[in-house]
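Colleague: I'm new to this one. Could you pick a single part and take me through it closely?

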Amino acid sequence: MPQAMKIRKGDLVQVLSGKDRGKQGRILESRPKDGRVIVENLNMIKRHTKPRPMRNPSRMGAPQIAPGGVIEKAGPMPVSNVMLVCPVCNRPTRVGTVVKEGKGATQRIRVCRRDDCRQEIDR
């Protein structure tokens, strides 16, 4: 069974290894079952596609056609190759969790694990 990921969609991350090492980007999609994430404009892959009619473009007139050719898009990368960037100290950090009581329910909140920061990531 895959372990829960501490990185979510919309987080700013820095790549630790691979061809895009050191670059930062936002998470577009996370795939917990595969243990992979898709980072905006990083790990770009090329796909050769045929022009195809689009399904239900606007239901008006002739069918619109999705362009063909060589299309570049962001490919999935292992979640172990990225590290969350703390929004407070703006440095890559490990992620910890703190349980808080509030409004009759408990919440788990992600926190920066750096000794000089320790701020909440989820606001």
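Modeller:
**A loop and its surroundings**

Let's begin with Asp-20, which sits in the loop between strand S1 (12-15) and strand S2 (24-31). Helices (H or I, at least four residues) and strands (E, at least two) are DSSP runs here, numbered from the N terminus. A word on the source: this is a predicted model, where local features need pLDDT of at least 70, side-chain atom pairs count only at pLDDT 80 or more, and totals for chains, interfaces and linings use all residues. Residues are numbered from 1 along each chain as its sequence is written, and side-chain values use heavy atoms, with hydrogens and water left out.

Back to the loop: Asp-20 has a relative accessible area of 10%, so this residue is buried (buried means under 20% relative accessible area, exposed over 50%, partly exposed in between, with a 1.4 Å probe and protein chains only). Leaving aside residues up to four places away in sequence, Asp-20 touches Val-15, Leu-42 and Asn-43, where contact means heavy atoms within 4.5 Å.

Now follow that contact to Asn-43. Its place is in the loop between strand S3 (36-39) and strand S4 (44-49). Asn-43 is buried as well, because its relative accessibility is 17%. There's a backbone detail here too: Asn-43 isn't a glycine, yet it has a positive phi of about 55°. Most residues other than glycine have a negative phi.

So, the picture in short: buried Asp-20 touches Asn-43, which is itself buried and has that positive phi.
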